[in-house]
Every structure is written in C-alpha cells, then in structure tokens.
Amino acid sequence: MEEKKTFYITTPIYYPSDKLHIGHTYCTVATDAIARYKRQCGYDVMFLTGTDEHGQKIEEKAKAAGVTPQAFVDRIVTGEGGILDLWKLMNISNDRFIRTTDDYHVEAVQRIFKKMYDKGDIYKGAYKGKYCTPCESFWTESQLKDGKCPDCGREVHDAEEEAYFFRLSKYAKPVQELLESGSFLEPASRVNEMVNNFIKPGLEDLCVSRTSFTWGIPVDFDPGHVVYVWVDALFNYCTAMGFLNDKYDDYDKYWPADVHIVGKEIVRFHSIIWPAMLMSMEMPLPKKVYGHGWLVIDGGKMSKSKGNVVDPYVLADMFGVDALRFFLLRTFPFGSDGNFSNELLISTINTDLANDLGNLVSRTTAMVEKYFGGALIAEREADPIDDELVEMIRSTKGKYAKQMDALQLHLALEEVFRLIQRANKYIDECAPWVLAKDESKKPRLASVMYNLLEALRVSLVMLTPFIPQSCEKAFAQIGASGKAVSWEKAGEYGVLPANVTVHKGETLFPRIDMAKALEELEKREHANDAPKAKPVLPDVSIDEFARCDMRVCKVLTCEAVKKSEKLLKFTLDDGSGSPRQILSGIHKFYEPEELVGKTVVAILNLPPRKMMGQMSNGMLLSAVREVNGQEELHLIMLDDSVPAGSQLC
Ligand code: ME8
C-alpha cells in the first residue's frame, strides 16, 4: 500500500499566564481547520499545540499568587476552564500537546543548548544592563520607568551579568536569503518587514541564558543559568516529535514541519531566530511560517490590562462552538488584522449560517418530505436551468482547495457560500411549489430536489473542517453518508443515490435576536467583572491539616458584646458536655437572635484569646469573599440533623 504523505502543522505554544481569550482561540481554530482539511484530503497529519510554561513572567505571577510556578501553570493548563478544557470545547483536533515543563522536553533542550555551545555558536559573555540593588534585579534600558527601577522606583546603576549568547549575527546572511527566496515566510508582506527592520540594521547576537530568575530550564553545565524562554519554546516543535529524547519517535517522519502558524508579533522569532538556530544545529528548516493578523477591538490588541479581552467560553455558550469557529474564519482575512465586535459575530451567524446555509438545509429537506414523503423518486427530468448549479457543484472544490492550500481560509469559505447562495437562488428560479401542483411535473420536481441535495452535500464536505459537528448533523438530514461525504467525491455530481431519503431534523443555526443577545452578553461580561476568588495557598501536609480540631456545635445562646460594634458572644454545645464560649466579630452580618439554635462549625484548638475582656475559646468558621470592595460573610451552618461534637475531616 502506498504510504500517505505527511503534513505537520503547529500553533504557537501558549503562555499559561492568564485565561486564553478569543484572539488565542482564533489562531488555534484556524490551525485546526487546516489540519482537518489536510486529513480530509488524505494526508497523515500531525497537529501539535501546547503550552510555553517557563520564564520570569510566570515566576512573578506565581509568586504574586502565593503558589509555586508549577502549581500556577498546572491550574491554567489542566485546571477547570483551563487551556485543555478550552481546546476540548472548541473541538480542536490536535494530535499532540506539549508542555515545556515536560521532562523529555527539558532534557532535550539541555542537550540542544550543549550542542550549540560545543559547536561554538553559543558562548559566554556579559549582558549589560541596569541593576537595582535592593531588588537584585537586572533591567534593560527600555524596561525602566522614568529611568528608575520599575519594581520599586529606586535608582538603578550600570551593571553586567554573566550570560550566554547565541551567534545570531553569523546567520544573518543565510537567514536573509531564506526569507527572500521562495515562500518560507507568508504573507509576503512580512518578508520586507523582517529584512528591513531587523536584518538590514544588523543582527546582534542573542542573549540566551538568564541568572536573575530560576523558573526555566537549567543550563546543566553551568548552574545558576536558565535557558532563555524562546530557545526553550521554539524547540518544542522538534522535541514533541522525539528530537533528542525517547518519549516520541516521530521526528524522522514529520520533521521538517510543513507550516508553523503564528501571530504577527512572533514572526520575528519564527522567521529569524528559529531558522538561525536550526542552521546551527544543522537540522532541516520548516517549509513555511505563516504570520496571521490579530483580532483587535477598536483598533487595539486585546489584552488583559486593557480590560478588553473577549471570553470564548461565553461566546461558545451563547452562540455555539461551530458558529464561533465559523465566524472567526469566515470574517477576517487570515493574514490581516480583524476588528472584533459582538454585532459582527451575530450578523455573520444570522446571514451566513441561519439564512444561507441553515435555510437551504431546512427548505430542501422540508420540501423533500412534503412532496415525496422523505424519499426521492428515481425518475428525474433535467432542464438547462440546472446547468449553472451543476457546473458549480463540480467546480467549487478546485477553487476551494486552491484557497485552502494558500491558507486563505476566508476566500475558501467565500467559494462555498457562492455555491450555497446559488442553490438558494435556484429554489426561487425553479419554484418547486408550482411544480408540486402538477403530478406530471414530479420527475422535474425530483430533479430540482436532487440538485439541491447534491449542492448541499459538496458544500458540507467543504464546510466540515470549519463546522464539523454541524456538518455531521446536516449530512444525516440530507441522507448523505460514507463515500458520499468524502473529499474525493466533493467535486462530482450525481453521487447521492437516486432514491435518497432525507430526515428533517433540528434547526442547525437558529436566528439570533441581536438586541436580546447583546443585552445578555453585556450581563455576562459584567458577571465576569466579579472578583475572582483568591489564589490557593501553598500546600499543607495532611498531618498539619489533621491537627486542626474542627467540630460541629449547636448555638445555645448568642448576645452582642457590650461596647463592641462587631463582637457576638456565643455559648456553644460542642458535644463535650460543658458549654464553650466563643467570640466572633460578625455582628455586622447577623443579629444574635437569628443564630440561636443553629448548627455551626468551629475550630476548637486555637489558643484562647481575650477580646473586650472576655475569653474566646476557638473560632467559628465562615465563608468570606470581597465583592465590589465590600466583605461578604456567611457563617457556615449545617443541617440540624448533624449532632454536636461531630468532627470535620
Ligand atoms: O507568543 N489576535 O504565546 P502567547 C490574534 N508563548 N492572535 C492572538 C491575539 C489576538 N488578539 N492575541 C494573542 C506566545 N494571539 C509564545 C509563543 S511559540 C514557540 C511561543 C496569538 O500565549 C499570538 O499572536 O502570548 C500568538 O501567536 C499566540 O496567540 C500565542 O500567544
């Protein structure tokens, strides 16, 4: 058997420093559509994505959250609502997922770094910068705030830090040649930008190790240094295939990558630094780097600090995963920036999916049911009016494929929608409702219906990479399965059986009421403004936890403490037989009368404490949260059936 041709495609690996937004989703959904298309065409596809987990930024965020960097990234990558969940929700069909903290990657990067060092392409030098002594931090000139330390605002002084450098300058010429010949970097406009802005002014050697923080891959032959995060990150594309490690064995099969899909701001790393390092390693170069544009809001990039990030979870929940995938790829030319707005999203769904595609499916299946009881008759009668539609059924595939192969996803979709719109027009031209009135026109009516089903079949095959779940449902509705829904048959007419049977089903894309949806979105966005719960504290051992004696208590009496606005005095039955007194500063939230008789929880073995002259022997447990700057407190109360003295564990 002939071996399938391989196709290796990657997305950037994402920083797990915050929740991902619709801009990140855009990149991954686009890559997914290309990967699905290539699989359809018969390629043996390897689609890689992952997370880029090292670096100072993550180290600082973890510190601020009071957790270890590993715990911090674990939560964002594998935690609920994290990156893996998002890709599952968005129906991303990646074949592999790499985390740069995976052991095999760490070890392979150490070997790579050593190889370039042994070759003389990495050398030890000094990184000149500004130093803040109290903070013990190195800064570059551009990181300073008004010439002072950006962290503490104090004076900085010139300093040097020992660091390793990669001889990027040595590769300036071959990299320029690579960029200027062929189609290594696309869109072509990005080539000039790279050559004129970065290579021609002179490529300087690149600092590839740091000693000012520790959250990175250690340089194993020089403790104290960690590998620069971009060196670590870029090699993911090879280590994930098994390069210099035993975890996988696919390097020979898939490397070099057919295409790296990346956002425009990281084109420089992928089209200059990456090929230079590969040249140094004497490894084959990827065939293409494609730099897509950004989704912007009011002309500016989405960013957490600007508060304009759009949550893909909210949009997918309100409008459906396929509708969101479709909108992203149909609306914006892949190589350029696109202005995101909720209005545009809703109007695209209504126009293309509800009106054009959804209506074509529902009108066609409804008519086949109404006029033929669901199954077409075999006898058909052609008419010259069919010719244009039939020709489009045959020719759209070629035009679509040309655009898909050039990664012009929006233009590929344009071809499909041309066919869908033509089919809708054909319904009006043929007026099946008139044909249906005349029994002798049944064969003609059957022909019209058949042509519509064929137009739908080929359109849906081409839409499958974009809206896979909806296409599966639509195929079932139009009675298409097996070979008929294959790529191979997407440019042929006459594939569905003559007696094809339809199954009218649920509406695929209900029309969205713009005003109502915008109002709902507004509400949900504000719901997201609510403060997030505090980060989880560092781990305690089970033994430490077990030393806290927490028990169920019944409130026997409760009264306000004189001269105190906050304190309530409780007498509690803790199950021991003698009453226990606890003071609690919760008067702002509860009146004493409402608590008598309640079943509460207290920690009993805290050291006794005197408050307003009274002893408190323990503490009542409450749930606390800050909402809009106000503290909210809820005393923990249990069902009255839980007996006093029951221990919490
Ligand atoms: O850059 N519109 O990670 P990242 C479109 N870890 N694309 C956007 C976008 C937007 N508004 N915002 C972000 C990194 N992206 C590195 C990559 S690869 C070896 C290392 C895209 O999480 C962005 O352009 O900051 C980039 O391609 C991707 O999301 C990941 O960004």
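Visitor: Which residues of helix 6 meet helix 11?
Guide: This is a predicted model, so let's look at what it places at that contact. On the helix 11 side there are Ser271, Ile272, Pro275, Ala276 and Met279. Facing them from helix 6 are Pro174, Val175, Leu178 and Leu179.

Visitor: How many nonpolar, polar and charged residues does that contact have?
Guide: Ser271 of helix 11 takes part, and serine falls in the polar class. By class, the contact of helix 6 with helix 11 comes to eight nonpolar, one polar and no charged residues.

Visitor: Is helix 6 oblique or roughly perpendicular to helix 11?
Guide: Helix 6 covers residues 172–180 and helix 11 covers residues 267–280, and they pack with their axes 10 Å apart at an angle of about 120°. Roughly perpendicular runs from 65 to 115 degrees, and roughly antiparallel starts over 145. That makes helix 6, relative to helix 11, oblique.

Visitor: Is the crossing of helix 6 and helix 11 right-handed or left-handed?
Guide: Stay with the pair whose axes are 10 Å apart. As helix 6 passes helix 11, the crossing is right-handed.

Visitor: What about helix 13 and helix 14, how do they lie to each other?
Guide: Helix 13 (residues 321–331) packs on helix 14 (residues 342–372) at an angle of about 95°, and the axes are 10 Å apart. Angles of 65 to 115 degrees share one label. Helix 13 and helix 14 are therefore roughly perpendicular.

Visitor: How many charged residues are in the contact of helix 13 with helix 14?
Guide: Helix 13 brings Ala323, Leu324, Phe326, Phe327, Arg330 and Thr331, while helix 14 brings Leu344, Leu345, Thr348, Ile349, Asp352 and Leu353. Arg and Asp both belong to the charged class. Next to eight nonpolar and two polar residues, the charged ones number two.

Visitor: Is Glu53 buried or exposed?
Guide: Glu53 sits in the loop between strand 2 (44–51) and helix 2 (56–65). The cut-off for buried is under 20% relative accessible area. Because its value is 0%, Glu53 is buried.

Visitor: Which side chain makes a polar contact with the side chain of Glu53?
Guide: Leaving aside neighbours within four places in sequence, Glu53 is in contact with Pro16, Ile58, Gln70, Val73, Val77, Arg99, Thr100, Thr101 and Trp215. The polar contact in question is 2.7 Å, and the partner side chain is that of Thr51.

Visitor: Which residues touch Ile420, leaving aside its neighbours within four places in sequence?
Guide: Ile420 lies in helix 16, residues 409–430. With a relative accessible area of 0%, Ile420 is buried. Its contacts beyond those neighbours are Asp356, Leu357, Leu360, Ser459 and Leu463.

Visitor: What separates the C-alpha atoms of Ile420 and Val540?
Guide: Along the chain, Ile420 and Val540 are 120 residues apart. In space, their C-alpha atoms are separated by 61 Å.

Visitor: And Glu155 and Val175, what is their C-alpha to C-alpha separation?
Guide: Glu155 is in the loop between strand 5 (137–139) and strand 6 (157–166). Glu155 is exposed, with a relative accessible area of 57%, whereas Val175 is one of the helix 6 residues that meet helix 11. They are 20 residues apart in sequence, and C-alpha to C-alpha the separation is 40 Å.

Visitor: Where does the cis bond from Glu186 lead?
Guide: The peptide bond has omega near -10°. Its second residue lies in the loop between strand 7 (185–186) and helix 7 (189–199). The cis bond runs from Glu186 to Pro187.

Visitor: What is omega for the cis bond that joins Trp255 and Pro256?
Guide: Pro256 is in the loop between helix 10 (251–254) and strand 11 (259–263). For the cis bond joining Trp255 and Pro256, omega is about 5°.

Visitor: What phi does Leu407 have?
Guide: Leu407 is in the loop between helix 15 (387–405) and helix 16. At 5% relative accessibility, Leu407 counts as buried. Although Leu407 is not a glycine, its phi is positive, about 60°.

Visitor: Zooming out, what share of the 649 residues is buried?
Guide: The protein chain has 21 helices and 24 strands, and its C-alpha atoms fill a box of roughly 100 × 70 × 50 Å along the principal axes. Of the contacts with a separation of 6 or more, 74% are between residues 24 or more positions apart. Buried residues make up 51%.

Technical notes: Residues are numbered from 1 along each chain as its sequence is written. This is a predicted model: local features need pLDDT of at least 70, side-chain atom pairs count only at pLDDT 80 or more; totals for chains, interfaces and linings use all residues. Side-chain values use heavy atoms; hydrogens and water are left out. Axes are lines fitted to C-alpha atoms, for helices over the stretch in contact, and angles run from 0 to 180 degrees between N-to-C directions. Helices (H or I, at least four residues) and strands (E, at least two) are DSSP runs, numbered from the N terminus. Angles under 35 degrees count as roughly parallel, over 145 as roughly antiparallel, 65 to 115 as roughly perpendicular and the rest as oblique. A crossing is left-handed if the near helix is turned anticlockwise from the far one by less than a right angle, and right-handed if clockwise. Contact means heavy atoms within 4.5 Å. Buried means under 20% relative accessible area, exposed over 50%, partly exposed in between (1.4 Å probe, protein chains only). A polar contact is a pair of N or O atoms within 3.5 Å; within protein, one must be able to donate a hydrogen and the other to accept it, and residues adjacent in sequence count only if both atoms are side-chain atoms.
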